[in-house]
Amino acid sequence: MTAQDRLETIFADVVRRNPGEAEFHQAVREVLDSVVPALTRHPEYADAKIIERICEPERQIIFRVPWEDDRGEVHINRGFRVEFNSALGPYKGGLRFHPSVYLGIVKFLGFEQLFKNALTGMPIGGGKGGSDFDPKGRSNREVMRFCQSFMTELYRHIGEYTDVPAGDIGVGGREIGYLFGQYKRITNRYESGVLTGKGLSYGGAQVRREATGYGTVFFAEEMLRAAGDSFDGKRVVVSGSGNVAIYAIEKVRQLGGTVVACSDSSGYVRDDKGIDLDLLKELKEIRRARIDAYAAQRPHASFVAGRTVWEVPCQVALPCATQNEIGAAEAAALIRGGCTIVAEGANMPTRPDAVRAFVEAGVRFAPGKAANAGGVAASALEMQQNASRDSWTFAHSEQRLREIMTDIHARCHATAQEYGMPGNYVAGANIDGFRRVAEAMLAHGLI
Ligand code: NAP
């Protein structure tokens, strides 16, 4: 049986064993398509059924999360933690609170996380979790009660040497604070390393908040550098206006580019003078407003309801909102608008047909597991600081982040070259991440 035939059989099995989990199937397909050359070169991986084992999470936890709103009405949500693979270290990956969350989303994110964490070169395995709870429109006290109920079950599964969650969509500093407080209360342990993304006043690390956005831009900067170019004078479009988007916008601006549009799920704002970051932060981080409020306060900016931000012409596109936000139509609009670089700040925001369109049009494309690895890398740095009871300066932390992103870029680039696919960041990232996990799994024996 050829490596390709073998992978088709494995994929059919994944689909059969995980029915209705389209996002998980999509994430597995992308990795399997990339690793054929590595399997051909390493028959020992096939003999030990490494791929089959990687596709099956080590543990999947689903639990009930009851909580009471401010009017006394009882709500029941579902909580998840998928501990995907611990070959390289304790499970590590964020928690997502969003109504779309179900097992298939958590598994796709956990699967991606495994390879991303491997790419950082740091000792962290892969996991992910979350809930179908929607924090939007909820009071602080409601969010606190939800987080306390969620942690009242989750605490027994996590720990600094076991599983270390962090934030993701809908889980920011406020939620991490409530989750940490409840963990501390239940366990009677000040175990700083059990969660990352903590506030600076209680064990958080400098640059963790900024890391995913900054890291994505550092990665894009390396892509530009590899082509003898830079961010200077570039028109950039960023989707979303959450944690990743805001700090991607900040770093693009610092590197001389202009972000002319960003969005949320209601539509996008276009501001050809460059997005006013102070205003955006105030609206999104403090007032938790919708994005149209931006245009209401900047007379020359416009708000476009219900349409995709990718119709705004740009040279660099940074999708930082959510999965599958760029399909064939959006890719075509970006190519028409003169885009030459796409770096994913979000997880799997680009559909496979859009990736193919980019490759055919010569657009350089970096997958999230490489380009947005800065967030988890900074989390690993936070764990390092917690373990040594130390805290680094902003400048030192940012410098470490930059080195890590430069290194990930170099390895993706070199691995793609080594396997005869120069410039193919998808292949480079998947093969390099996969090899690291596979080698550790072989070393641990059949477990
Ligand atoms: P966040 O702070 O909750 O922000 C998400 C943003 O995306 C919000 O502005 C949201 O708008 C917008 N959005 C969601 N669905 C959308 C849609 N269908 N169309 C347009 N905009 C939409 O979350 P985040 O932490 O920035 O995460 C964003 C992405 O980055 C996710 O894919 C996440 O998995 C990935 N990521 C995050 C980290 C991290 O450290 N936070 C690390 C690695 C990867 P609304 O407010 O209207 O929903």
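Five strands in this protein line up as an open sheet, in the order 1-2-4-3-5, with mixed pairing. What you're looking at is a predicted model, so here's a quick tour of its sheets, its overall build and the ligand it holds. The protein chain adds up to 17 helices and 12 strands.

**The five-strand sheet**

- At the edges of this sheet sit strand 1 (59-68) and strand 5 (163-166), and each of them pairs on one side only.
- Going from one strand to the next, the twist averages 20 degrees.
- Strand 1 and strand 2 (residues 74-85) run antiparallel, and 10 bridges join them.
- Want a spot to find in the viewer? Look for Pro66, which stands opposite Ile76 in strand 2.
- As background, strands of a sheet pair through backbone hydrogen bonds, and they can do that either parallel or antiparallel.

**The seven-strand sheet**

- There's also an open sheet of seven strands, ordered 9-8-7-6-10-11-12, and its pairing is mixed too.
- Which strands are at its edges? They are strand 9 and strand 12 (364-366), each pairing on one side only.
- Here the twist averages 15 degrees from one strand to the next.
- Strand 7 (residues 258-264) and strand 8 (residues 267-270) run antiparallel and are joined by four bridges.
- Those two, strand 7 and strand 8, make a hairpin, with two residues between them.
- You can pick out one pair of partners there: Asp264 has Gly267, in strand 8, as its bridge partner.
- Strand 8 is also joined to strand 9 (residues 302-305) by four bridges, and this pair runs antiparallel.
- Within that pairing, Arg270 stands opposite Ser302 in strand 9.
- For a parallel example, check strand 6 (residues 235-238) and strand 10 (residues 316-318), which pair in that sense over three bridges.
- Val236 has Val316, in strand 10, as its bridge partner.
- One more handy bit of background is that in a regular strand the side chains alternate between the two faces of the sheet.

**Overall size**

- Measure the C-alpha trace along its principal axes and the protein chain spans about 65 × 55 × 45 Å.
- How does the radius of gyration of the protein chain fit a compact globule? A compact globule of 447 residues would come out near 22 Å, and the chain has 21 Å, so the two agree.

**Around the ligand**

- There are 23 residues around the ligand, and the ones that come nearest are Asp168, Thr212, Ser265, Arg290 and Asn347.
- Sorted by type, the shell around the ligand holds five nonpolar residues, 11 polar ones and seven charged ones.
- Arg96 reaches the ligand with its side chain: an N or O atom there is 2.9 Å from an oxygen atom of the ligand.
- Ser241 uses its backbone instead, with a polar backbone atom 2.9 Å from an oxygen atom of the ligand.
- Val244 also has a backbone contact, as one of its backbone N or O atoms lies 2.9 Å from an oxygen atom of the ligand.
- How much of the ligand does the protein bury? On its own the ligand exposes 890 Å², and the protein buries 82% of that.
- Which elements give two or more residues to the shell around the ligand? Those are helix 8 (208-226) and helix 9 (243-254).

Note on methods
Residues are numbered from 1 along each chain as its sequence is written. This is a predicted model: local features need pLDDT of at least 70, side-chain atom pairs count only at pLDDT 80 or more; totals for chains, interfaces and linings use all residues. Side-chain values use heavy atoms; hydrogens and water are left out. A residue is near a molecule or strand if one of its heavy atoms lies within 4 Å of it. A polar contact is a pair of N or O atoms within 3.5 Å; within protein, one must be able to donate a hydrogen and the other to accept it, and residues adjacent in sequence count only if both atoms are side-chain atoms. Accessible areas come from the Shrake-Rupley method with a 1.4 Å probe; for residues, only the protein chains shown count as cover. Ala, Val, Leu, Ile, Met, Phe, Trp, Tyr, Cys and Pro count as nonpolar, Asp, Glu, Lys and Arg as charged, and the others, Gly among them, as polar. Two strands pair if DSSP finds at least two bridges between them. Axes are lines fitted to C-alpha atoms, for helices over the stretch in contact, and angles run from 0 to 180 degrees between N-to-C directions. The radius of gyration is taken over C-alpha atoms; the globule rule is 2.2 Å times the number of residues to the power 0.38.
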